[in-house]
Amino acid sequence: MVSLRVEGLRKSFPGVVALDGIDLNVREGEYVVILGPTGAGKTTLLKTIAGLARQDSGHIYFDQQRVDTLMPFQRSVAYLPQNYSLFAHLTVWENVAFGPTVQDWSPRRRDQIVREMLNLVHLSDRRNSLPRELSGGMQQRVALARALATQARILLLDEPLRALDARLRLELRQELRTLAKYLGITTLHVTHDQEEAISVADRIVIIRKGKVVQAGSPKEVYEDPSTPFVSNFIGEANFLQGLLSRVEDGFSVIMLSDGRHVMGRPTNVPVNSQVVLGVKTDFCNVYHGKVEGQNSLTGTVVRSLFTGKRTTLEIQTGQGLLKAKVPSDQSLSEGSEATLRFRPENGIVYPIPNEGLQVALEVE
Ligand code: ADP
Ligand code: MG
């Protein structure tokens with residue numbers, strides 16, 4: 001097993017900085033998900049680690065050894081590109097045997113590894129099929145087996161579940177993790193899907209515009225988002241802007257534009273600064289009618305969106321449109337008066353972003 005370290009990685013294309021100084025540490029056998037919106041630099045990062053793109057500056061290490069001067073095949077990484085394609089005229093077996101054949105392994109060693117990989121991805125009985133005879137999920141598994149058959153030290157997966165339908169995606173994402181853990185292979189899995197990231201990662205690294213914005217366990221990035229962007233990207237959040245007026249009983253007290261106060265977690269931001277309080281829609285409760293008390297915002301339900309077990313309510317308040325995800329049996333009808341409430345410990349206080357809140361939240 002190897003660890004992976006990336007230091008100060010930069011890469012520009014004409015008119016765009018794809019990687020803007022990326023630092024990354026992945027432990028031996030760790031399953032790390034790189035999460036970021038489209039255009040964040042995820043594919044460029046993987047290609048650079050695989051050796052298919054060359055960085056402008058910065059270094060890449062496997063264990064303590066620099067690999068960024070090595071050719072792709074010398075790095076022994078298994079790279080599953082975003083738009084992989086199987087060899088259409090080769091069978092499943094031949095597809096998986098491709099790497100070992102090119103690398104001139106002995107037929108015995110080659111056959112053994114191909115057999116093992118097909119077993120792992122549960123496709124032994126389809127070894128003589130052609131790709132077009134397989135379902136999307138099976139094709140994805142063949143591509144994975146083909147990438148792994150080179151006995152790589154590091155597995156790089158670029159949006160590996162993107163092309164699959166919803167049910168299969170859920171199934172295969174756990175399989176991917178199980179397989180990587182079974183092989184003990186250090187894995188970087190790239191996605192723009194926050195739910196996928198949360199469900200498979202040991203650790204999530206969130207990147208945006210070529211920079212790491214936060215790294216931590218799924219629980220950490222969900223419960224302690226470091227910026228409004230992360231707060232809204234992992235799950236969904238409401239934001240209230242106001243003036244940090246004081247700290248009381250260990251909580252921040254924020255004065256809103258209508259003179260009322262809400263309370264949130266303690267912050268390093270100095271008193272009398274403009275701040276924004278972010279609270280996950282999951283942590284907001286909704287009550288019928290007007291309810292007085294701490295952290296209460298009353299308004300009118302303008303939209304009720306049923307999603308099964310939960311219903312998303314959009315409430316027009318004096319502080320803008322706020323959302324809450326409530327159990328469907330506690331939902332309120334459109335047009336009714338409602339009060340949204342949250343606990344101070346779920347309100348996170350941030351300095352007002354320099355670029356303005358709207359721009360700070362954009363998923364470009
Ligand atoms: P992601 O995979 O997160 O969607 P990419 O790494 O593909 O992001 O791209 C990051 C940025 O770099 C984007 O703005 C993209 O348009 C640009 N980019 C990527 N590859 C190239 C290329 N070969 N030539 C020019 N621009 C590129
Ligand atoms: Mg990409």
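**Pockets, strands and a chain segment in a predicted model**

In this predicted model, the lining of the largest pocket consists of 15 nonpolar residues, five polar residues and one charged residue. The space within this largest pocket amounts to about 640 Å³. Its lining is made up of 21 residues, and those closest to the centre are Val 77, Tyr 79, Gln 103, Ala 147 and Thr 150. Several secondary-structure elements contribute to this lining: α2 (72–75), β6 (77–80), α3 (92–102) and α5 (136–148) each provide at least two residues. Strand β6 gives the most, with four residues.

The second largest pocket has a volume of about 220 Å³. It is lined by 14 residues, and nearest its centre lie Arg 208, Val 213, Thr 227, Phe 229 and Glu 355. Two or more residues of this lining come from each of β10 (211–216), α9 (228–233) and β20 (348–351). Sorted by class, the lining of the second largest pocket comprises eight nonpolar, two polar and four charged residues. Both domains take part in this lining, since at least three residues are drawn from each of domain 1 (4–223) and domain 2 (236–361). As a general matter, empty space of this kind is revealed by rolling a probe the size of a water molecule over the atoms.

The strands may be considered next, beginning with β3. All five residues of strand β3 (residues 31–35) are buried, and the strand is therefore largely enclosed by the rest of the structure. The side chains are divided between two directions: Tyr 31, Val 33 and Leu 35 point one way from β3, while Val 32 and Ile 34 point the other way. In general, the strands of a sheet pair through backbone hydrogen bonds, in either a parallel or an antiparallel manner.

Strand β3 has parallel pairings with two strands, β8 and β9. With strand β8 (residues 186–191), β3 shares five bridges, and within this pairing Leu 35 stands opposite Thr 191. With strand β9 (residues 203–208), β3 is joined by four bridges, and here the bridge partner of Leu 35 is Ile 206. Leu 35 is thus a residue of β3 that faces Thr 191 in β8 and is bridged to Ile 206 in β9.

An antiparallel arrangement is found elsewhere in the chain. Five strands form an open sheet, in the order β13-β12-β11-β14-β20, and their pairing is antiparallel. Its edge strands are β13 (261–264) and β20, each of which pairs on one side only. From one strand to the next, the twist averages 45 degrees. Within this sheet, strand β11 (residues 237–248) pairs with strand β12 (residues 251–256) over six bridges. One point of contact between these two strands is Val 247, whose bridge partner in β12 is Ser 252. The edge strand β20 also belongs to the elements that give two or more residues to the lining of the second largest pocket.

The final residue to be discussed is Glu 362, which is placed in the segment after α10 (357–361). Is Glu 362 buried, partly exposed or exposed? Glu 362 counts as partly exposed because its relative accessibility is 41%, and the partly exposed class lies between under 20% for buried and over 50% for exposed. Glu 362 and Phe 306 are 56 residues apart along the chain, and their C-alpha atoms are separated by 25 Å.

Technical notes:
Residues numbered from 1 in each chain as written. Chains lettered and ligands numbered in written order. Predicted model: local features only at pLDDT ≥ 70, side-chain atom pairs only at ≥ 80, totals over all residues. Heavy atoms only, no water. 1 Å grid on protein atoms, 1.4 Å probe; cavity = no way out; pocket = protein on both sides within 12 Å on 5 of 7 lines; lining within 4 Å. Points joined across faces, edges and corners; volume = space filled by probe spheres on them. Nonpolar A, V, L, I, M, F, W, Y, C, P; charged D, E, K, R; others polar. Domains from an automatic or database assignment. Pairing = 2+ DSSP bridges. Axes fitted to C-alpha atoms, helices over the stretch in contact; angles between N-to-C directions. Buried < 20%, exposed > 50% of the residue type's maximum accessible area, 1.4 Å probe, protein only.
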